[in-house]
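Hi,

Here is the model I promised to pass on. Have a look at it first, and then read my notes below.

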Amino acid sequence: MSSDARSSIIYNTISTRIINWSYPPGYRLTEEMICSEFNVSRSPVREALNALVSEKLVLKEQHKGYSVRRIDIQEINELYDTRVVLELAVVKDICEKGLDETIYHTLKNEWEVLLSDLRAGAEQSVQADEHFHEALADAAGNQVIKQFLHEIDLRIHFVRLGDITDQARLKQTCTDHLALLEALHQNDYERASAILTRNILWGKEKVDSAIKEALFHAHQMA
């Protein structure tokens, strides 16, 4: 296996642990520990850690090494605000160009299935939501926005696990997504932008409680 392949495996494993809070904020990551777990040399480990630092999932401090970044509530709120700006641009592009019928029906079917059975867990629900918004950016043909949204999703994933926590919230999320799709299908920018903004800002309002929920689950897993 090549060094790049090893680095990718390490990156994917550690990033998954971070966004799911298996490695909570402040958790120390050492090259020795990772080399031992994955039975690799330091080179692919350093590549993976540097990529995690670039994604702002991990902090590197001189003489202290690597650790999972601690929570910055102001930054999280700003990331939600940034999502609104980016996704309104996506909505505007789609309303001007039209939404591909295949994408429309595929996303509509996915959220109708979720709405028909609200037993999905938080992880499944959040992943479906992230896929939905990134798919719309893809449909708008803007790969830069799609990448930015993906990076934001990585950094707020753990918060959003404490957002969609019950069936009532999931039902509202499903309803919002289906209403947004209908508005986009009809090229109704005013309605689509209102639904999108309300949905994202509702999540922003839940940041404090979502962080407390995430901390609670991290403590339970410790």
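Let me start with helix α3, residues 42-54. Keep in mind that this is a predicted model. With 13 residues at 1.5 Å a residue, α3 should span 18 Å, and its end C-alpha atoms are indeed 18 Å apart. Its buried residues are Pro44, Val45, Ala48, Leu49 and Leu52. Looking down the axis of α3, you will find these within an arc of 135 degrees, so they line one face of the helix. The general background is that an α-helix has 3.6 residues a turn, so residues three or four places apart point the same way. As for what sits over that buried set, the cover includes α1 (3-19), β1 (28-29), α2 (31-38), β2 (58-61) and β3 (65-68).

Next, α1, which tells a similar story. This helix has 17 residues and reaches 24 Å from first C-alpha to last, close to the 24 Å expected at 1.5 Å a residue. Ser7, Ile10, Tyr11, Ile14, Ser15, Ile18 and Ile19 are its buried residues. Seen down the axis of α1, they fall within an arc of 145 degrees, so they too line one face of their helix. They pack against β1, α2, α3, β2, β3 and α7.

Two serines in that list are worth a click. Serine 7, in helix α1, has a relative accessibility of 9%, so it counts as buried, the cut-off being under 20%. Setting aside neighbours within four places in sequence, serine 7 is in contact with Pro44, Glu47 and Ala48. Of these, Pro44 and Ala48 are among the buried residues of α3.

Serine 15 is also found in α1, and its 7% relative accessibility makes it buried as well. Where does a polar atom of the serine 15 side chain find the backbone oxygen of asparagine 12? The two lie 3.1 Å apart. Beyond four places in sequence, serine 15 is in contact with Leu52 and Leu57; Leu52 is another of the buried residues of α3.

If you check backbone torsions, there are a few positive phi values to look at:

- Tryptophan 21, just after α1, takes a positive phi of about 65 degrees.
- Asparagine 39 has phi near 55 degrees, positive although the residue is not glycine. It is placed in the loop between α2 and α3, and at 70% relative accessible area asparagine 39 is exposed.
- Lysine 56 is not a glycine either, yet its phi is positive at about 65 degrees. It lies in the loop between α3 and β2, and its relative accessibility of 43% counts as partly exposed.

Now for α7, residues 143-160. This helix has a kink of about 45 degrees, centred on leucine 154. Leucine 154 itself is one of the buried residues of α7. The rest of that list is Ile145, Leu149, Ile152, Asp153, Arg155, Ile156, His157, Phe158, Val159 and Arg160, so expect some charged names when you display the set by residue type. At the start of α7, a side-chain oxygen of asparagine 142 comes to within 3.2 Å of the backbone nitrogen of valine 144.

Over in helix α8 (residues 167-185) you will find leucine 178. Is leucine 178 buried or exposed? Its relative accessibility is 15%, and leucine 178 therefore counts as buried. Leaving out residues up to four places away in sequence, leucine 178 touches Lys108, Trp111, Glu112 and Leu115. For a longer-range reference, leucine 178 and alanine 139 are 39 residues apart in sequence and 16 Å apart in space, C-alpha to C-alpha.

Last, the cysteines. How many disulfides does the structure hold? Zero. Cysteine 35 counts as buried at 13% relative accessibility, and cysteine 174 is buried too, with a relative accessible area of 0%.

That is what I have for now.

Cheers

Key: Residues numbered from 1 in each chain as written. Predicted model: local features only at pLDDT ≥ 70, side-chain atom pairs only at ≥ 80, totals over all residues. Heavy atoms only, no water. Disulfide = S-S within 2.5 Å. Buried < 20%, exposed > 50% of the residue type's maximum accessible area, 1.4 Å probe, protein only. Helix = DSSP H or I, 4+ residues; strand = E, 2+ residues; numbered from the N terminus. Expected span 1.5 Å × (residues − 1). Arc of directions from axis to C-beta. Contact = heavy atoms within 4.5 Å. Bend = angle between axes of the 7 residues up to and from the residue. Polar contact = N/O pair within 3.5 Å; in protein donor to acceptor, adjacent residues only side chain to side chain.
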